[in-house]
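Please go through the model below with attention to its side-chain contacts, its secondary structure and its surface. The text after it takes these topics in turn.

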Amino acid sequence: MSTRTLSWHQSRPKGWRNLPDGQAVAGYPIGILCIPGVAALIPGNIQNAQTFDFPVRYHVLRDIRFEQIAKGDPSIIPDIVEAAEHLIEDGVQAIVGACGSLGHYQRTVADAVSVPVFMSILTQVPLLLNSLGADRSLAIVFATKTAFTPLIQRECGIEDLDRIAQIDLLDSPA
């Protein structure tokens, strides 16, 4: 009977992989791009890490104002792509946005990075519409309906506007 000594690299646990150059941390399946908030970030809110049963990595877009995101300002594209790249350097396997209006940058960010990207919950609208009968509609509640621009519709693949009921929280009674 022969005994064999395994070297360190032969005895690594299942699922082990070497970190790419420059990566210092690992274990974050999801990276979340978010903006500084004024709302309560209670558990259940995507910007509260206690919402998840797994680790998430946040990157706060500190130098970007909500108004820029809501309008789809193209001048902030480099900053958003750079933030997504930072999350990838930290080892995330997918990126999501914590603000629906980040959907203005869906195609741009998805085309620029190497992991799946879901910049807005609005990326699910085509899937949801396809899951409903052709005679049924989908209601979307917006923090501000003015952010549901033709650009965000195009970036998120939303085409069938006749089947979408748009509700604006700003127009709702308190």
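How many aromatic pairs does the count come to? The model is a predicted one, and in it the count comes to two aromatic pairs. One pair is Phe52 with Phe54: the ring centres are 5.5 Å apart and the planes stand at 50 degrees, so this pair is tilted. Neither word at the ends of the accessibility scale applies to these residues, because Phe52, at a relative accessible area of 22%, is partly exposed, and Phe54, at 38%, is partly exposed as well. Phe142 and Phe148 also pair, with ring centres 4.8 Å apart and planes at 40 degrees, so this pair is tilted too. Here both Phe142 and Phe148 are buried.

The overall layout comes next. The protein chain contains five helices and six strands. Along the sequence they follow the pattern β-β-α-α-β-α-β-α-β-α-β. Of the 174 residues of the protein chain, 34% count as buried.

One buried position is Ile69, which sits in helix α1, residues 66-71. Its relative accessible area is 0%, and therefore Ile69 counts as buried, the limit being under 20%. Ile69 and Leu102 are 33 residues apart along the chain, yet their C-alpha atoms are separated by 6.1 Å.

Charged side chains give another set of contacts. Side chains of opposite charge can pair when their charged atoms come close. In this model the count comes to four salt bridges. Among them is the bridge between Arg65 and Glu67, whose closest N and O atoms are 4.0 Å apart. Arg65 is exposed at 52% relative accessibility, because exposed means over 50%, while Glu67 is partly exposed at 45%.

Where do Asp111 and Arg107 lie relative to one another in helix α3? The two are four residues apart in this helix, residues 106-112, which means a separation of about one helical turn. Their side chains meet in a salt bridge, with an N to O distance of 3.0 Å. Asp111 counts as exposed, with 59% relative accessibility, and Arg107 is partly exposed, with 39%.

A further salt bridge joins Arg163 to Asp160, the closest N and O atoms being 3.7 Å apart. Is Arg163 buried or exposed? At 13% relative accessibility, Arg163 counts as buried, whereas Asp160 is partly exposed, with a relative accessible area of 31%.

The surface also holds patches of like residues. Asp63, Asp79, Glu82, Glu85 and Glu89 form a negative surface patch. Of its members, Glu82 is placed in helix α2, residues 77-89. Glu82 counts as partly exposed because its relative accessibility is 42%, and a patch residue needs over 30% relative accessible area and no salt bridge.

Which residues form a nonpolar patch on the surface? They are Val141, Ile167 and Leu169, which together have about 260 Å² of accessible area. Val141 belongs to strand β5, residues 138-142. Its relative accessibility is 52%, so Val141 counts as exposed. Phe142, by contrast, is buried.

Conventions. Residues numbered from 1 in each chain as written. Predicted model: local features only at pLDDT ≥ 70, side-chain atom pairs only at ≥ 80, totals over all residues. Heavy atoms only, no water. Patch = residues over 30% accessible without salt bridge, like charges linked within 9 Å, V, L, I, M, F, W, Y side chains within 5 Å. Areas by Shrake-Rupley, 256 points an atom, 1.4 Å probe, with all protein chains shown as cover. Lys, Arg positive; Asp, Glu negative; His and termini not counted. Charge placed at Lys NZ, Arg CZ, Asp CG, Glu CD. Buried < 20%, exposed > 50% of the residue type's maximum accessible area, 1.4 Å probe, protein only. Phe/Tyr/Trp six-rings, centres within 6.5 Å; stacked < 30°, edge-to-face > 60°.
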